[in-house]
Amino acid sequence: SYVVANGALEGIAQRRRAEGLPATAVRFGPISDAGYLTRETRVREVLQSVLGGGELTATAALDALPALIDSGRPVVGWAEADW
């Protein structure tokens with residue numbers, strides 16, 4: 001249901017932009033120090049191994065938000081990865 005809800009929000013953002021209205025849906029990567037991943041350490045470890053150890057913090061995500069909104073795109077993403 002989480003993925004479906006996010007997809008719906010992205011669709012709404014795309015439709016609003018097509019109509020000339022403001023909207024931005026942000027696809028944040030895993031945020032390591034807040035929410036679900038602070039409780040589910042095994043999931044966090046798996047994601048870190050897949051992403052090469054990159055960690056997005058809540059502060060970094062919030063700091064990036066103005067630039068993501070200013071991008072003018074209906075759907076944008078932000079994640080930390082060590083490729």
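Serine 32 touches Leu37, Thr38, Arg44, Glu55, Leu56 and Thr57, leaving out residues up to four places away in sequence. This serine sits in the loop between S1 and helix H2 (36–39). The model is predicted. The protein has four helices and two strands, and 18% of its 83 residues count as buried.

**Overall build**

- From the N terminus on, the elements follow the order α-β-α-α-α-β.
- The C-alpha trace spans about 40 × 30 × 20 Å along its principal axes.
- Among contacts with a separation of 6 or more, 63% link residues 24 or more positions apart.

**Surface and charge**

- About 5800 Å² of the protein is exposed. Carbon and sulfur atoms supply 57% of that area.
- The protein carries 8 positive and 10 negative charges. Their mean positions lie 9 Å apart.

**Helix H1 and its end**

- H1 covers residues 2–18.
- Does the length of H1 agree or disagree with its residue count? At 1.5 Å a residue, its 17 residues should span 24 Å. The end C-alpha atoms are 25 Å apart, which agrees.
- Glycine 20 comes just after H1 and takes a positive phi of about 80°.

**Glutamate 10**

- Glutamate 10 belongs to helix H1.
- Is glutamate 10 buried or exposed? Its relative accessible area is 16%, so it counts as buried, the cut-off being under 20%.
- Beyond its neighbours within four places in sequence, glutamate 10 is in contact with Ala25, Arg27 and Val75.
- Of these partners, Ala25 and Arg27 fall within strand S1 (25–28).

**Threonine 24**

- Threonine 24 lies in the loop between helix H1 and strand S1.
- Its relative accessible area is 26%, so threonine 24 is partly exposed. That class runs between the 20% and 50% cut-offs.
- Which side chain makes a polar contact with that of threonine 24? The partner is arginine 17, at 3.1 Å.
- Arg17 also appears in the list of residues in contact with threonine 24, neighbours within four places being left aside. The others named there are Ala13, Leu68, Ile69, Arg73, Pro74 and Val76.
- Ala13 and Arg17 are H1 residues. Leu68 and Ile69 are H4 residues.
- Aspartate 63 stands 39 residues from threonine 24 in sequence. Their C-alpha atoms are 16 Å apart in space.

**Serine 32**

- Serine 32 has a relative accessible area of 6%, so it is buried.
- How long is the polar contact between the side chains of serine 32 and glutamate 55? The distance is 3.1 Å.
- Glu55 is also one of the residues that serine 32 touches.
- Leu37 and Thr38, two more of its partners, are part of helix H2.

**Leucine 62**

- Leucine 62 is part of helix H4, which covers residues 58–70.
- Is leucine 62 buried or exposed? At a relative accessible area of 58%, leucine 62 is exposed, because the cut-off for that class is over 50%.
- Glutamate 40 is 22 residues from leucine 62 along the chain. The two C-alpha atoms are separated by 22 Å.

Note on methods. Residues numbered from 1 in each chain as written. Predicted model: local features only at pLDDT ≥ 70, side-chain atom pairs only at ≥ 80, totals over all residues. Heavy atoms only, no water. Buried < 20%, exposed > 50% of the residue type's maximum accessible area, 1.4 Å probe, protein only. Contact = heavy atoms within 4.5 Å. Areas by Shrake-Rupley, 256 points an atom, 1.4 Å probe, with all protein chains shown as cover. Lys, Arg positive; Asp, Glu negative; His and termini not counted. Charge placed at Lys NZ, Arg CZ, Asp CG, Glu CD. Polar contact = N/O pair within 3.5 Å; in protein donor to acceptor, adjacent residues only side chain to side chain. Expected span 1.5 Å × (residues − 1).
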